[in-house]
Each structure stands twice: as C-alpha cells, then as structure tokens.
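Here are my comments on the structure you passed along, set out as numbered points. Please keep the sequence and the 3D view open while you read, and look up each residue as it is named.

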Amino acid sequence: MAGPLVRGCHVVLVGVVLVAYVVGVVAADKWAILVSASTSYKNYRHQADVCHAYQLLRQTGFPKDHVVVFMYDDIAYNKHNPFKGDLRNEIKGPNVYHGVPKDYNGENVTAINFLNVLVGNHAALKDVGSGKVLHSKANDDIFVFYVGHGAPGLLKFPHSRYLYATDLEDTLRLMKEHGQYRRIIFYIEACEAGSMFEDLPSNLDVYVSTASNAFEPSYATFYDYDRKAYLADLYAISWMKDTVVNLGKGETVEDQFQFVRDQTTKSTVCQFGDPSVSHALIDEFLAYKTGVVPHRPRTKKPRIPWARIQRIPTSRHRYGEEGEDEDDDDDDDEEYEGRGGGGGGGGGEEELLQEGNAETVASHDVDLMLLKKELDHAAPHDKPRIHNLIAQENALRAKVDHVFHTLVAFLVGEEEKEGLMKAKHKIQNYECLKNVMENIEKRCGAFTEYSMKYIRALANLCEVGVTHDAILVTAARVCDVQQAVQEINI
C-alpha cells in the first residue's frame with residue numbers, strides 16, 4: 001500500500017446515524033457536497049466560491065440530485081449588496097447565483113447536517129432543508145468542497161458550531177466499513193486547514209487538498225469596489241480556473257494540486273491521505289459526463305499566476321435561471337446569455353485582474369481591509385464615518401489581543417507566554433479543545449474572524465496539560481462576564 005501524503009485526524013461521532021447500503025454490482029456514480037460555512041456580507045466570497053463550483057459541476061453534467069449545497073444564503077439579497085440576486089466570483093465575471101439550490105440554508109448550515117448528508121442519513125434530515133442526502137455506494141466517487149473559517153483541528157460553521165477533525169475521520173472510517181464510497185476528494189478553503197488532516201490514514205481511499213497548512217491563514221482576493229467585497233478566495237478560484245481550462249485534457253488530481261499550489265503564493269497548499277487517489281484524472285470527480293466540459297474563456301496563457309495576469313477576456317455570460325426542467329441536465333444551467341451589467345470595480349472592460357483587484361489579504365484581516373478599501377474610494381463627507389469604524393475595529397482587535405495575552409500569562413506565566421502562543425503543537429487533546437470551544441464563548445462572547453487566530457493558543461494550552469476547567473475559569477476572570485459578550489466579543 002502506498003504511504004500517506006502527509007499524516008492528519010481522530011474521536012466518537014455524536015448524533016449521526018450511519019446508513020448501511022446493500023451493495024450490488026452497479027455502475028460507478030458521482031456525488032458532490034458544496035459547503036459555504038459562513039455568514040454576513042463581509043464573507044461574500046465564500047458563497048460566491050460555492051455558487052461558482054455548483055455551476056461548474058452542473059456544466060459538466062452533474063444531475064441536480066447528485067449535488068448538495070450548504071450556504072446561509074444571506075448575501076445575494078443582502079442590504080449591502082447593490083446588485084440584488086447577483087453574486088460574482090471574479091471581477092467582471094458571470095453571475096453565479098442563478099439556479100443554485102438552497103438545500104441547507106440559514107440555521108440548517110451545521111456540521112451535524114453536513115455529516116448526515118455525507119453518510120446518507122435521510123431519516124435524520126426529515127423536514128430539514130431539502131432533505132437531500134448522498135446515496136453513494138461502494139463503487140461511487142464523492143467530491144467535497146468546503147469554504148469558510150478554520151482553526152487548529154476544526155472547521156467553523158455558523159452560530160459557533162464546529163466540525164472537528166476527529167469526528168470527520170470517524171465518519172469516514174464508518175463509511176468505508178459500510179461500503180459507502182470508492183474514493184473521496186476534499187478541497188478545503190480555510191485558515192489552518194492542514195490541521196484537520198495531519199493524521200488522516202492512507203488506507204481510507206480519501207484524498208485532501210487544503211488552502212493552508214496547520215498554522216497559516218488562507219487568503220481572499222479580487223476586491224470589487226462596486227460591491228465593497230472580496231469576490232473570491234485565492235485557493236478556491238485557482239482550482240476552479242484550472243478545472244475550466246484543463247478538464248477533459250488528461251489532467252490528474254496531482255497535476256491540479258501542483259498548479260493550485262503555484263497560484264496560491266501566500267499560503268502553503270497541502271495534500272493529505274491516499275496518494276493513489278491523486279493519480280486519478282480530475283474528470284473522474286469533477287465531470288459527471290465524459291466529454292462534457294465547462295465554458296472556457298479564450299485566454300491565451302491560462303497558466304500564468306493570477307497575480308501576474310494583466311488581461312483576460314471579459315465574460316459575456318451568466319448562468320441559467322432557476323425553474324428549468326429538472327430532468328433536462330444537458331442544457332439548462334450550462335446555458336449562458338449576454339449580461340454586461342452589475343459593475344465590477346475599477347479598470348476597463350477587459351482589464352480584469354490588474355494590481356489592486358488581484359491583490360490578496362489574509363482571512364483574519366478581511367474585516368479591517370474592507371474598511372480601508374471603502375475609505376480609499378469614499379466621498380469626502382463619508383470619510384469621517386469610515387475613519388470611526390476603522391478606529392472601532394482597531395480598538396476591538398486591541399481588546400482581543402489583551403484578552404488572550406492576559407489569559408495565557410495567567411495560566412503559564414509571563415515568561416512562558418510568548419513561547420506558548422507561538423508554539424506549533426500537533427492537536428491531540430480534542431476532549432480539552434472541544435470543552436474549551438463549546439464554553440469559552442459563554443464567558444467571552446463569540447469568536448470573530450480575527451480572534452479565531454487565537455484558538456491556536458487555546459489548543460496549545462490543552463496540549464501542554466492545562467485543563468479545560470482551568471482555561472475556562474481564567475477566561476471568565478479575564479473577560480469580565482458582565483461585559484464580555486457585549487464589549488469584548490472575541
């Protein structure tokens with residue numbers, strides 16, 4: 001057996017009932033789950049990433065009932081979105097929102113619902129969202145794309161719900177034992193995503209590609225001045241761009257990994273799991289029908305890194321509307337038509353990826369950078385308001401920094417504080433980490449994208465033997481319970 005690409009995860013799955021299927025001799029099928037696991041307009045890019053991925057899969061022949069979509073769906077008609085019903089994943093790109101199903105939206109975007117969809121637990125999802133689940137068998141392949149926020153050993157879902165590495169690995173083991181898939185590929189766009197898979201065995205026929213290693217943030221890109229949002233994540237848009245250009249051309253999963261790694265220059269793109277899966281063609285996971293490829297822009301040099309691209313042709317299309325014939329999978333969502341409106345933020349009609357639009361920003365810093373970008377293009381009378389918002393954001397960050405530095409100093413001493421906060425311990429004490437994550441927000445308020453970077457410090461405390469009780473008691477003292485939820489808002 002081939003050795004693991006990298007090692008990565010382990011614990012008991014709670015709340016998911018595994019459904020076992022009677023496996024016969026059947027033709028291989030393909031399934032996909034697409035997850036945008038964030039909320040609020042500042043995270044515009046996450047839902048745009050998932051909507052774009054859905055359109056690609058539909059273009060390559062995936063039936064609607066073989067793709068399950070998780071997204072909060074609070075962006076397309078958000079009060080801050082000047083183009084209602086419209087989501088763009090690229091500057092001047094097509095509207096990717098049309099036709100995307102809302103299988104699980106709002107409060108139904110949870111880790112437990114995701115796991116139940118993955119294992120095909122239809123009973124657990126009765127009267128929840130669309131109720132759509134995977135019906136995969138032993139010969140089937142599965143593609144999973146997650147985009148959102150991460151931290152050591154976990155992926156965040158809305159409302160402070162988390163998917164832990166141990167729970168995901170246990171689910172995969174049970175699925176393998178019950179013959180529910182042949183191979184699975186995960187593409188994970190999140191900060192510190194590599195920490196989810198450091199112990200992933202190589203014998204599960206599972207392959208994972210992550211936007212970052214266990215210690216780095218992931219990066220947003222394509223700022224749009226009209227929408228006042230980052231439209232995409234660098235890793236996510238890179239694999240989708242590559243798929244558009246190279247599907248049907250003999251590219252392997254490993255080839256795509258190498259390309260995406262070269263494009264994602266600010267973080268370390270990693271791969272984990274079974275190396276034999278990486279030798280498969282990308283078509284085996286991303287194209288349902290042989291020979292069906294997505295619309296391809298006429299780019300002369302499609303493999304130039306995005307940061308160096310100066311011009312590519314403007315898209316003149318949008319994706320299909322909702323309401324097409326459910327069974328007519330050959331020509332509904334794949335159709336395009338002219339759509340030149342919707343703005344696009346700076347530059348001429350064809351100057352899509354100029355400097356300033358293709359720049360990147362760490363996910364932890366998106367909130368602050370959005371305000372700075374808005375300030376750059378604000379009318380004179382509006383600048384004082386934005387300056388005030390930037391001051392508030394900086395003050396909030398200063399409070400967060402103070403809370404965590406004080407917390408760690410209380411527990412390990414001032415001399416050991418810096419070393420512990422910078423340490424890169426492998427996450428093993430998940431019992432402690434789970435207890436801390438499930439209770440600290442009661443003392444200190446909800447985590448923000450910025451404060452999530454301090455989850456590494458909490459995980460390190462667990463790894464050096466500090467008990468979860470000690471961490472939580474100290475957190476209550478540091479945060480000042482009466483004011484923490486409203487004022488600290490970690």
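1. In this predicted model, strand β4 pairs with strand β5, which covers residues 154-157, in the antiparallel sense and over 2 bridges. A good place to begin looking is Gly150, which stands opposite Leu155 in β5.

2. On the next strand pair, 4 bridges join β5 to β6, and these two strands also run antiparallel. The bridge partner of Leu155 in β6 is Leu163, and since Leu155 also stands opposite Gly150, a student can use Leu155 as a landmark when moving through the strands. β5 and β6 form a hairpin with 3 residues between them, and in its turn His159 has a positive phi of about 60°.

3. Taken as a unit, these 3 strands form an open sheet in the order β4-β5-β6, with antiparallel pairing. Its edge strands are β4 (150-151) and β6 (161-164), each of which pairs on one side only. Helix α2, made of residues 111-119, packs on this sheet, where α2 touches β5 and β6 and has a direction that makes about 45° with that of β6. As general background, the strands of a sheet pair through backbone hydrogen bonds, either parallel or antiparallel.

4. Which residues line the largest cavity? The lining consists of Val35, Phe114, Val144, Tyr146, Leu155, Leu163, Leu168, Phe186, Ile188 and Phe197, so that the bridge partners Leu155 and Leu163 appear here again. Strands β3 (141-147) and β7 (183-189) each supply at least two residues of this lining. By class, the lining has 10 nonpolar residues, with no polar and no charged ones. The space in this cavity is about 50 Å³, and the count of cavities of 30 Å³ or more comes to 1.

5. A second open sheet deserves its own inspection: it has 3 strands in the order β10-β9-β12, with antiparallel pairing. Strands β10 (229-233) and β12 (360-362) stand at the edges with a single partner strand each, so one side of each is left without a neighbour in the sheet. From one strand to the next, the twist averages 45°.

6. Within that sheet, strand β9 (residues 219-224) and β12 pair in the antiparallel sense over 3 bridges, and Ala220 has Val361 of β12 as its bridge partner. Two helices should be viewed together with these strands. Helix α4 (residues 234-246) lies across β9, β10 and β12 and runs at about 55° to β10, while helix α7 (residues 366-376) packs on the sheet, touching β9, β10 and β12, with a direction that makes about 135° with that of β10.

7. How many residues line the largest pocket, and which of them are the closest to its centre? There are 16 lining residues, of which Lys42, His80, Leu370, Leu371 and Glu374 are the closest to the centre. The volume of this pocket is about 570 Å³. Helices α7 and α8 each supply at least two residues of the lining, and the largest share, 5 residues, comes from α8. By class, the lining of the largest pocket has 6 nonpolar, 3 polar and 7 charged residues, whereas the lining of the largest cavity has no polar and no charged residues.

8. My last point concerns helix α8 (residues 383-412) and helix α11 (residues 455-463), whose axes come within 10 Å and cross at roughly 10°. Angles under 35 degrees count as roughly parallel, and α8 and α11 are therefore roughly parallel to each other. The contact is made by Phe404, Leu407, Val408, Leu411 and Val412 of α8, together with Ala457, Leu458 and Leu461 of α11. Sorted by class, the residues of this contact divide into 8 nonpolar, no polar and no charged.

Definitions and conventions:
Residues numbered from 1 in each chain as written. Predicted model: local features only at pLDDT ≥ 70, side-chain atom pairs only at ≥ 80, totals over all residues. Heavy atoms only, no water. Axes fitted to C-alpha atoms, helices over the stretch in contact; angles between N-to-C directions. Parallel < 35°, antiparallel > 145°, perpendicular 65-115°, else oblique. Contact = heavy atoms within 4.5 Å. Nonpolar A, V, L, I, M, F, W, Y, C, P; charged D, E, K, R; others polar. Pairing = 2+ DSSP bridges. 1 Å grid on protein atoms, 1.4 Å probe; cavity = no way out; pocket = protein on both sides within 12 Å on 5 of 7 lines; lining within 4 Å. Points joined across faces, edges and corners; volume = space filled by probe spheres on them.
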